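Q: Please take a close look at one part of this structure, and explain it for someone new to the subject. Start with the setting, then go through the neighbours.

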Amino acid sequence: MINYIFEVIVTDIREGDKLTMKKTHPCGNNIFTVLRIGMDFRISCDKCGRIIMLPRKKVEKGIKKIVRNGETV
Ligand SMILES: [Zn+2]
């Protein structure tokens with residue numbers, strides 16, 4: 001049971017990471033930079049620069065790929 005919970009809640013996202021999301025922003029881009037991590041995540045669109053606040057759960061569910069320092073993690 002404990003192991004199960006652990007697996008579900010831990011997604012390794014750090015500030016500065018580039019997230020490729022399943023959903024695209026209205027501007028057509030789906031790559032976002034993580035600005036702040038907390039209860040809510042603050043991410044900015046790499047194309048239009050808009051800042052979006054999303055609950056952690058939503059961010060984790062929507063991630064397709066995480067890129068850190070040019071490498072996929
Ligand atoms: Zn955008």
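A: What follows deals with one strand, its partners, and the residues around it.

The model is predicted, so to speak of local features requires pLDDT of at least 70 and side-chain atom pairs count only at pLDDT 80 or more, while totals for chains, interfaces and linings use all residues. Residues are numbered from 1 along each chain as its sequence is written, and side-chain values use heavy atoms, with hydrogens and water left out.

The part in question is E1, a strand of residues 18-21. Strands (E, at least two residues) and helices (H or I, at least four) are DSSP runs, numbered from the N terminus. E1 belongs to an open sheet of 6 strands in the order E4-E3-E2-E1-E5-E6, where the pairing is antiparallel. At the edges of this sheet stand E4 and E6 (71-72), each with a single partner strand, so one side of each has no neighbour in the sheet.

In the sheet order, E1 sits between E2 and E5. Its pairing with E2 (residues 31-36) is antiparallel and runs over 3 bridges; two strands count as paired if DSSP finds at least two bridges between them. E1 also pairs with E5, again in the antiparallel sense, over 4 bridges. Lys18 shows both sides of this arrangement: Thr33 in E2 stands opposite Lys18, and Val67 is the bridge partner of Lys18 in E5. Further along, Thr20 stands opposite Lys65 in E5.

Next to Lys65 comes Lys64, also a residue of E5, which covers residues 63-68. Lys64 has 57% relative accessibility and therefore counts as exposed (exposed means over 50% relative accessible area, buried under 20%, partly exposed in between, with a 1.4 Å probe and protein chains only). Lys64 and Met21 are 43 residues apart in sequence, yet their C-alpha atoms are 5.1 Å apart in space. Setting aside neighbours within four places in sequence, Lys64 is in contact (heavy atoms within 4.5 Å) with Thr20, Met21, Lys22 and Asn30.

Asn30 is in the loop between E1 and E2. Its relative accessible area is 18%, so Asn30 is buried. With neighbours within four places again left aside, the contacts of Asn30 are Leu19, Thr20, Met21, Lys23, Thr24 and Lys64. Thr20 and Met21 are thus in contact with Asn30 and also with Lys64.

The chain beyond E1 leads to a metal site. The protein donors of the zinc ion are His25 (ND1), Cys27 (SG), Cys45 (SG) and Cys48 (SG), at 2.0 to 2.3 Å from the ion. Donors are N, O and S atoms within 2.8 Å of the metal (3.2 Å for Na, K and Ca), and because water is not among the atoms, sites may look incomplete. Along the chain, the donors of the zinc ion have the spacing H-x1-C-x17-C-x2-C. The angles among the 4 donor atoms are 104 to 116°, and the site is tetrahedral, a label given to four donors if all angles lie between 85 and 135 degrees. For four tetrahedral donors the ideal angle at a metal is 109.5 degrees. Of the donor residues, His25 is buried, with 14% relative accessible area, whereas Cys27 is partly exposed at 25%.

Technical notes: Tetrahedral: all angles 85-135°; square planar, octahedral: opposite > 155°, others 65-115°.
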